[in-house]
Amino acid sequence: MNHSIALYLLVAAATIYLIRMLPMTLIRRDIRNPFIRSFLYYVPYVTLAVMTFPAILSATGSSVSAWAGFLTGSVLAYIDGNLFRVALCSCVAVYLAELLIH
């Protein structure tokens with residue numbers, strides 16, 4: 001194995017370990033500050049959105065069909081919230097947009 005790859009893996013493992021270990025060792029009592037509690041509550045949702053949004057816009061052949069799927073999914077998720085229905089309708093919207101474009 002190349003030494004630089006091993007170093008990259010070691011740095012990544014140490015970073016992940018520190019991120020998971022430090023809060024458990026440094027914070028021994030309950031967090032009472034409402035701002036920090038709400039911040040920590042929403043971190044997973046924001047992280048998922050930040051990782052998913054660029055992939056949505058680059059997953060199709062054109063940005064028009066990507067936006068059609070994104071907007072369809074966003075509106076249906078707000079109205080209904082059924083994951084299967086949202087995914088199915090978003091796929092159909094992308095398919096129809098690709099048909100209309102080409």
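The exercises below work through the fold, two helices and the aromatic pairs of a predicted model.

**Exercise 1. Describe the overall build of the protein chain, and decide how its radius of gyration stands against that of a compact globule.**

Step 1. The protein chain contains four helices and zero strands, and along the sequence these elements follow the pattern α-α-α-α.

Step 2. For a compact globule of 102 residues one would expect a radius of gyration near 13 Å, whereas the protein chain has 20 Å. The C-alpha trace spans about 55 × 45 × 20 Å along its principal axes.

Step 3. Of the 102 residues, 10% count as buried. Among contacts with a separation of 6 or more, 41% are made by residues 24 or more positions apart.

**Exercise 2. Check the length of helix H4 against its expected span, and work out where its buried residues lie around the axis.**

Step 1. Helix H4 covers residues 83–101, which makes 19 residues, and at 1.5 Å a residue it should span 27 Å; the C-alpha atoms at its ends are 27 Å apart, so the two values agree.

Step 2. The buried residues in H4 are Val86, Ser90, Ala93, Val94 and Ala97. Seen down the helix axis they fall within an arc of 100°, and therefore they line one face of H4. This fits a general rule: an α-helix has 3.6 residues a turn, so residues three or four places apart point the same way.

Step 3. Phe84, Cys91 and Tyr95 are exposed on the other side of H4, while the cover over the buried residues includes H3.

Step 4. At the N-terminal end, H4 is capped by asparagine 82, which has a side-chain oxygen 3.1 Å from the backbone nitrogen of phenylalanine 84.

**Exercise 3. Determine whether serine 65 is buried or exposed, and identify what its side chain and its neighbours contribute to the picture.**

Step 1. Serine 65 is found in helix H3. Its relative accessible area is 0%, and because buried means under 20%, serine 65 is buried.

Step 2. A polar atom of the serine 65 side chain lies 3.1 Å from the backbone oxygen of serine 62.

Step 3. Leaving aside residues up to four places away in sequence, serine 65 touches Thr60, Val94, Ala97, Glu98 and Ile101. Val94 and Ala97 are also among the buried residues of H4.

**Exercise 4. Find how many aromatic pairs the structure holds, and classify the geometry of two of them.**

Step 1. A search of the whole structure finds six aromatic pairs. In one of them, the ring centres of tyrosine 41 and tyrosine 42 are 4.9 Å apart with the planes at 85°; since planes over 60 degrees apart count as edge-to-face, this pair is edge-to-face.

Step 2. Tyr41, Tyr42 and Tyr45 are linked by ring pairs into a cluster. Tyrosine 42 has a relative accessible area of 48%, so it is partly exposed.

Step 3. Tryptophan 67 and phenylalanine 70 also form an edge-to-face pair, with 5.5 Å from centre to centre and 85° between the planes. These two residues are three residues apart in helix H3 (residues 63–79), so about one helical turn separates them.

Step 4. Both partners are partly exposed: tryptophan 67 has a relative accessibility of 38%, and phenylalanine 70 has a relative accessible area of 23%.

Methods. Residues numbered from 1 in each chain as written. Predicted model: local features only at pLDDT ≥ 70, side-chain atom pairs only at ≥ 80, totals over all residues. Heavy atoms only, no water. Phe/Tyr/Trp six-rings, centres within 6.5 Å; stacked < 30°, edge-to-face > 60°. Buried < 20%, exposed > 50% of the residue type's maximum accessible area, 1.4 Å probe, protein only. Polar contact = N/O pair within 3.5 Å; in protein donor to acceptor, adjacent residues only side chain to side chain. Contact = heavy atoms within 4.5 Å. Expected span 1.5 Å × (residues − 1). Arc of directions from axis to C-beta. Rg over C-alpha atoms; globule rule 2.2 N^0.38 Å.
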